[in-house]
Amino acid sequence: MTTDLIKPSSRLGVVDALRGLALLAIVLFHNIENFNIYFPITDMPGWLEVLDKGILVFANFALSGKAYAMFSLLFGFSFYIQLTNEQKRGGDFRLRFAWRMCLLFLFGQLHSLFYSGDILVLYSVVGLMLIAVCQLKNRTVLIIASVLLLQPYEWGRAIYAMFNPDYVIVGYSGQYYKALLPVLKNGSLWDVLRANISNGQLFSDLWQLENGRLFQTLGLFMVGMLLGRKKLFIKSDDSIKRWKTILVMCTIAFVPLYLLNTCIPGLIDNPSVVKPYKIAMNSYANNALMMVYVSAFTLVWFRGEGLKWQKGLVPFGRMSLTNYITASIIGMFIYCGFGLGLYKYAGATISLIIGIGVFTLQLMASRWWLAQHKQGPFEALWRKATWVNSSR
């Protein structure tokens with residue numbers, strides 16, 4: 001029976017490589033943002049200022065929102081793998097998955113100590129909703145996912161604001177960031193840990209709710225689950241054909257979506273219409289470009305079971321939880337005032353170089369660790385705790 005189980009680490013290396021690609025983009029972007037310590041740097045050479053601006057424009061266009069979306073897609077796929085494997089063993093993974101999300105919430109709390117932009121807490125809560133849809137038919141899941149990805153709440157707010165000029169959208173996350181920022185710049189290690197787990201976590205969670213991440217995350221989780229059901233990450237004539245179709249459709253869709261996202265807001269006077277409009281359209285454009293990345297990457301992988309550089313991302317992706325958390329720990333010591341305090345000096349260019357260095361060190365560490373262990377340390381702990389009171 002176990003020979004029929006799907007093993008992502010062996011049969012589906014493309015998924016681990018994609019996860020590594022998404023995490024690489026996250027690590028680079030978080031460094032470029034100085035891990036949410038925004039500080040205007042002055043007295044830099046003119047050429048470096050121009051280069052910084054170019055890197056920021058490129059990072060926002062190519063990375064911001066896309067890496068997160070890819071990570072979410074792959075999370076839903078992983079749920080499908082775990083659910084299916086347990087069904088083939090004759091078990092039901094749903095209750096165990098609920099416990100697994102409780103554990104992920106704790107990992108999120110750990111990560112929130114070091115970084116005020118955690119996504120694990122959101123994943124742990126939204127992930128529970130997969131239990132309610134995992135037995136629905138593909139068509140039903142696709143309809144639900146499509147509705148969620150359309151961002152109905154944002155369109156509801158925009159339409160309401162159009163007919164009610166006095167309606168003002170109030171954001172609450174900013175006040176917590178304002179309280180957090182001085183601590184990140186000037187506080188001690190203990191001060192930063194306390195501020196991150198309180199004001200930092202409130203800022204992160206509220207920002208995600210205020211910017212459409214709740215609907216987007218659940219929708220992408222479901223799409224990832226459907227990709228698993230359709231076996232699109234297993235090479236076949238059918239999967240290649242489907243990925244080519246997705247690549248063409250999403251490439252064509254991205255251009256008008258990007259233009260609608262960048263051009264139309266300037267024509268709207270009411271800020272309470274502009275904000276939800278931009279959230280929805282930005283989500284559409286990010287999802288489209290993300291699917292371009294995923295489909296192109298997968299098609300290239302299928303041509304020869306992965307190019308050398310793609311295979312090189314596999315160890316990094318297999319230890320995604322460990323690397324995600326440790327990257328933030330490293331970043332905190334690099335940029336916070338109690339550490340090296342590089343937020344004062346590192347613009348986008350220098351921060352990008354630092355991010356590449358952090359990735360390189362983590363990749364080397366991942367290769368070394370996986371040469372001696374089956375999983376990363378946090379991954380192994382998560383798995384062991386997931387199957388507590390079990391024979392596994």
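**Figure 1. Two cysteines, up close.** Buried means under 20% relative accessible area, exposed means over 50%, and partly exposed is anything in between (1.4 Å probe, protein chains only). This is a predicted model, where local features need pLDDT of at least 70 and side-chain atom pairs count only at pLDDT 80 or more, while totals for chains, interfaces and linings use all residues. Residues are numbered from 1 along each chain as its sequence is written, and side-chain values use heavy atoms, with hydrogens and water left out. C263 is partly exposed because its relative accessible area is 46%. C336, with just 4%, is therefore buried. Looking for disulfides (cysteine sulfur pairs within 2.5 Å)? The structure holds zero of them.

**Figure 2. The largest cavity, with C336 in its wall.** A cavity is a set of points on a 1 Å grid over the protein atoms alone where a 1.4 Å probe fits but can't get out, and lining residues have an atom within 4 Å of a point. Points join across faces, edges and corners, and volume is the space filled by probe spheres set on them. Two cavities of 30 Å³ or more turn up, and the largest has a volume of about 60 Å³. Around that largest cavity sit F35, I37, F114, Y115, S116, L184, N196, G331, M332 and C336. Sort this lining by class and you get seven nonpolar residues, three polar and no charged ones; here Ala, Val, Leu, Ile, Met, Phe, Trp, Tyr, Cys and Pro are nonpolar, Asp, Glu, Lys and Arg charged, and the rest, Gly among them, polar.

**Figure 3. F233 in the largest nonpolar core.** Such a core is a set of buried Ala, Val, Leu, Ile, Met, Phe, Trp, Tyr and Cys residues joined through side-chain atoms within 4.5 Å. The largest one takes in 111 residues, and F233 and W243 have the most contacts inside it. Helix α13 (residues 271-304) supplies the largest share of this core, 15 residues. Helices (DSSP runs of H or I, at least four residues) are numbered from the N terminus. Contact means heavy atoms within 4.5 Å. Setting aside neighbours within four places in sequence, the contacts of F233 include W243, L12, V14, F77, L227, V294 and F302.

**Figure 4. The second largest pocket and the residues around it.** A pocket is an open set of grid points with protein on both sides within 12 Å along at least five of seven lines. This one has a volume of about 1,100 Å³. It is lined by 43 residues, and F29, S64, G65, W207 and R213 are the closest to its centre. Helices giving two or more residues to the lining include α1 (13-32), α2 (46-62), α3 (66-88) and α10 (189-210). The top contributor is α13, with seven residues. The mix by class is 19 nonpolar, 18 polar and six charged.

**Figure 5. S64, in the loop between α2 and α3**. S64 is partly exposed because its relative accessibility is 23%. Although S64 and F29 are 35 residues apart along the chain, their C-alpha atoms are separated by 7.1 Å. Not counting neighbours within four places in sequence, S64 is in contact with F29, A59 and N286.

**Figure 6. S283, a serine of helix α13**. Is S283 buried or exposed? S283 is buried, because its relative accessible area is 5%. Beyond residues up to four places away in sequence, S283 touches Q151 and Q216.

**Figure 7. M44, in the loop between α1 and α2**. M44 and Y345 are 301 residues apart in sequence, yet 9.2 Å apart in space, C-alpha to C-alpha. Leaving out neighbours within four places in sequence, M44 is in contact with E49 and D52.

Definitions and conventions: Disulfide = S-S within 2.5 Å.
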